[in-house]
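Work through the exercises below with the structure open. Try each task before reading its solution.

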Amino acid sequence: MKPLNDVIAACPPSGIRRFFDIAAEMDDVISLGVGEPDFVTPWRIREAGIYALEHGYTTYTSNAGLAELRRLICAELETRYDAHYAWDTECLITTGVSEGLDLALRVLLNPGDEVIVPEPCYVAYEPCVAFAGGTPVRVATRAEDGFAIDAAAVEAAITPRTKAILIGSPANPTGAVQPVAALTALVRLAEKHDLYLISDEIYDRLTYDGVHTCLGAVPGARERTVVLGGFSKAQAMTGWRVGWICAPAPVAELCVRVHQYTMLCAPHVSQIAAVEALTSADGDVRAMVADYDRRRRVFVKGLREIGLDCPEPGGAFYAFPSIRSTGLDSETFAERLLKAESVAVVPGNVFGPSGEGHIRCSYATALPQLEEALVRMDRFLQSL
Amino acid sequence: MREILELLERDSTLSHDTIATMTGLAVADVTAQVRAWEAAGVIRRYKAVVDWEKVEGADAGEVMAFIDVAVTPARGVGFDDVAQRISRFDEVRSVYLVSGGHDLRCTVVGSNIRAVSDFVSRKLSTIDRVQATSTHFVLATHKQDGDNFAEPETDHRLPITP
């Protein structure tokens with residue numbers, strides 16, 4: 001047989017997989033390893049989906065997605081973040097941010113282009129860059145800085161091949177929210193070196209201290225920025241697979257071109273449910289965000305009380321405590337914790353080398369479970 | 001401060017310590033505020049939501065009925081005196097003045113259908129100025145005071161996801 005695609009074959013499987021396999025065979029596991037809300041999609045949104053099925057909205061939509069949904073998304077970006085996009089030429093509906101990221105990278109990159117990826121970061125960033133023919137270039141961020149992106153470190157990584165910088169804020173796995181100063185510095189760099197910016201803002205509404213900054217609204221950013229967003233996290237709609245891209249018209253147009261041949265359109269029913277999410281579910285979203293915030297406070301305090309150093313997570317639903325004080329590496333820590341106390345966490349090194357020495361704990365879990373997890377983790381730490 | 005009430009209304013077993021962490025307030029302030037609310041009757045009492053249908057033993061549950069009551073109002077008090085006379089019975093769980101065909105809507109519980117019927121015919125309908133009653137027995141409780149009694153939805157999430 002002839003060899004399969006070199007780039008894909010060379011891409012290692014996600015480091016999360018091994019832990020999934022161990023955890024799946026155990027009983028009584030408290031999982032802090034889940035990257036999705038424990039809330040089910042709010043009923044009014046599900047009900048809208050059922051209505052859509054009942055009434056036969058089971059067809060294709062236009063490639064770019066329902067006009068009503070695109071109008072609502074652009075209106076929301078404008079009122080919430082003062083970011084301005086034309087719904088008809090600068091916005092398209094994707095099957096989640098995952099597809100949006102893939103489209104953006106395919107449209108922006110030529111073979112061999114480099115994309116700077118500050119890490120630790122979401123596990124798909126580097127593989128998606130590679131699949132799009134690019135080369136990911138890691139730039140470390142540090143817990144001591146609250147995982148803020150250091151523009152000087154980014155600039156040091158820029159080469160003549162650099163095409164774009166890919167960031168996520170609030171971030172998976174660190175929960176870090178990039179300070180406005182860091183975002184502005186990145187925009188200045190992008191202007192100076194003529195780079196594109198890709199901003200994964202799936203956790204935008206899950207910002208607890210202050211208001212989220214949309215990168216597309218930072219002065220100077222708009223013409224070179226692709227903003228990715230969606231409904232999976234704040235609206236608890238992971239399985240509906242619906243997200244969006246907002247980008248300057250020439251970029252958005254090419255994104256639609258790839259999308260029309262590869263995905264055709266996002267699921268019609270999901271788009272109708274997303275319309276409902278934006279028109280009537282804001283109260284549900286605010287209630288869920290308030291709950292995450294309360295759990296965040298209880299859980300982060302608890303982690304510190306059992307002796308783990310934990311940078312303050314300003315967004316998303318992850319705490320990323322350091323386990324360096326135990327002398328264990330993150331994989332060993334996570335595996336031993338799972339086997340000894342049936343608490344599943346994700347080792348930080350799967351999110352990049354700078355994640356080593358940390359574990360990702362999701363607090364998208366009911367409070368009693370979080371409290372029990374803290375008791376078990378405390379017992380585990382005492383046993384070391 | 002309103003957030004404290006909302007949290008307690010959902011789960012009155014939360015410790016003041018936890019509430020303080022959740023809200024970013026000092027524990028002493030939470031305690032002082034809750035005590036003040038208790039004293040002022042803002043927080044009337046703490047209780048559990050019981051799904052009696054799940055309690056072992058066939059007659060663990062009570063029968064519940066909605067009773068609509070038509071009342072002749074009286075000068076000076078309107079319906080208040082009759083409403084208060086009805087409210088004082090232990091069998092009566094709630095009394096509302098409502099718009100529509102009747103005046104008061106009450107919730108009444110009893111050990112069985114007979115007990116509720118007796119209460120209505122002997123006590124309720126014989127109160128002065130009660131003109132008529134209409135009784136609706138509850139056959140099943142699906143949701144009560146914001147608590148859905150259906151089985152909680154299964155968590156379909158995979159244990160570890162990126």
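**Exercise 1: helices on the sheet of chain B**

Helix α4 (residues 80–87) of chain B lies across β1, β2, β3 and β4 of chain B, and runs at about 165 degrees to β2(B). This is a predicted model: local features need pLDDT of at least 70, side-chain atom pairs count only at pLDDT 80 or more, and totals for chains, interfaces and linings use all residues. Residues are numbered from 1 along each chain as its sequence is written, while chains are lettered from A and ligands numbered from 1 in the order in which they are written.

Task: find which strands helix α5 of chain B touches.

Solution. Start with the terms. Helices (H or I, at least four residues) and strands (E, at least two) are DSSP runs, numbered from the N terminus. Residues are in contact if their C-beta atoms, placed from the backbone, lie within 7 Å. Axes are lines fitted to C-alpha atoms, for helices over the stretch in contact, and angles run from 0 to 180 degrees between N-to-C directions. Now take helix α5 (residues 113–124) of chain B: this helix packs on the sheet and touches β1, β3 and β4 of chain B. Its direction makes about 20 degrees with that of β1(B).

**Exercise 2: the order of the strands**

Task: give the strand order of the open sheet in chain B, then name its edges.

Solution. Pairing needs at least two DSSP bridges between two strands. By that rule, 4 strands of chain B form an open sheet, in the order β2-β3-β1-β4. The pairing is antiparallel. The edges are β2 (92–97) and β4 (130–137) of chain B. Each has a single partner strand, so one side of each is left without a neighbour in the sheet. From one strand to the next, the twist averages 20 degrees.

**Exercise 3: a residue with two partners to trace**

Task: list how β3(B) is bridged to β1(B) and to β2(B).

Solution. Begin with β1. Strand β1 (residues 63–71) of chain B is joined to strand β3 (residues 104–110) of chain B by 7 bridges, and the two run antiparallel. Here B:Asp68 has B:Arg105 as its bridge partner in β3(B). Turn to β2. β2(B) and β3(B) pair over 5 bridges, also in the antiparallel sense. Here B:Tyr96 has B:Arg105 as its bridge partner in β3(B). Last, look at the turn. β2(B) and β3(B) form a hairpin with 6 residues between them. B:Gly100 in that turn has a positive phi of about 110 degrees.

**Exercise 4: two helix pairs in chain A**

Task: describe how α3(A) packs with α10(A), and how α12(A) packs with α13(A).

Solution. Take the α3 pair. Helix α3 (residues 43–54) and helix α10 (residues 268–280) of chain A pack at about 140 degrees, with axes 8 Å apart. The crossing is right-handed; a crossing is left-handed if the near helix is turned anticlockwise from the far one by less than a right angle, and right-handed if clockwise. Among the residues in contact are A:Ala48 and A:Ala52 of α3(A) and A:Ile272 and A:Ala273 of α10(A). The contact residues divide into 8 nonpolar, 2 polar and 2 charged. Ala, Val, Leu, Ile, Met, Phe, Trp, Tyr, Cys and Pro count as nonpolar, Asp, Glu, Lys and Arg as charged, and the others, Gly among them, as polar.

Next, the α12 pair. Helix α12 (residues 330–341) and helix α13 (residues 367–383) of chain A pack at about 110 degrees, with axes 10 Å apart. They are therefore roughly perpendicular to each other. Angles under 35 degrees count as roughly parallel, over 145 as roughly antiparallel, 65 to 115 as roughly perpendicular and the rest as oblique. This crossing is right-handed. A:Leu337, A:Ala340 and A:Glu341 in α12(A) meet residues of α13(A) including A:Arg376 and A:Phe380.

**Exercise 5: unusual backbone in chain A**

Task: locate A:Pro120, A:Pro173 and A:Phe147.

Solution. The peptide bond from A:Glu119 to A:Pro120 is cis, with omega near 5 degrees. A:Pro120 is in the loop between β3 (114–119) and α6 (125–131) of chain A. The bond from A:Asn172 to A:Pro173 is cis too, with omega near 15 degrees. A:Pro173 lies in the loop between β5 (162–168) and α8 (180–193) of chain A. A:Phe147 has a positive phi, near 60 degrees, though not a glycine. Its loop runs between β4 (135–140) and α7 (151–156) of chain A.

How values were computed
Two residues are in contact if their C-beta atoms, placed from the backbone, lie within 7 Å.
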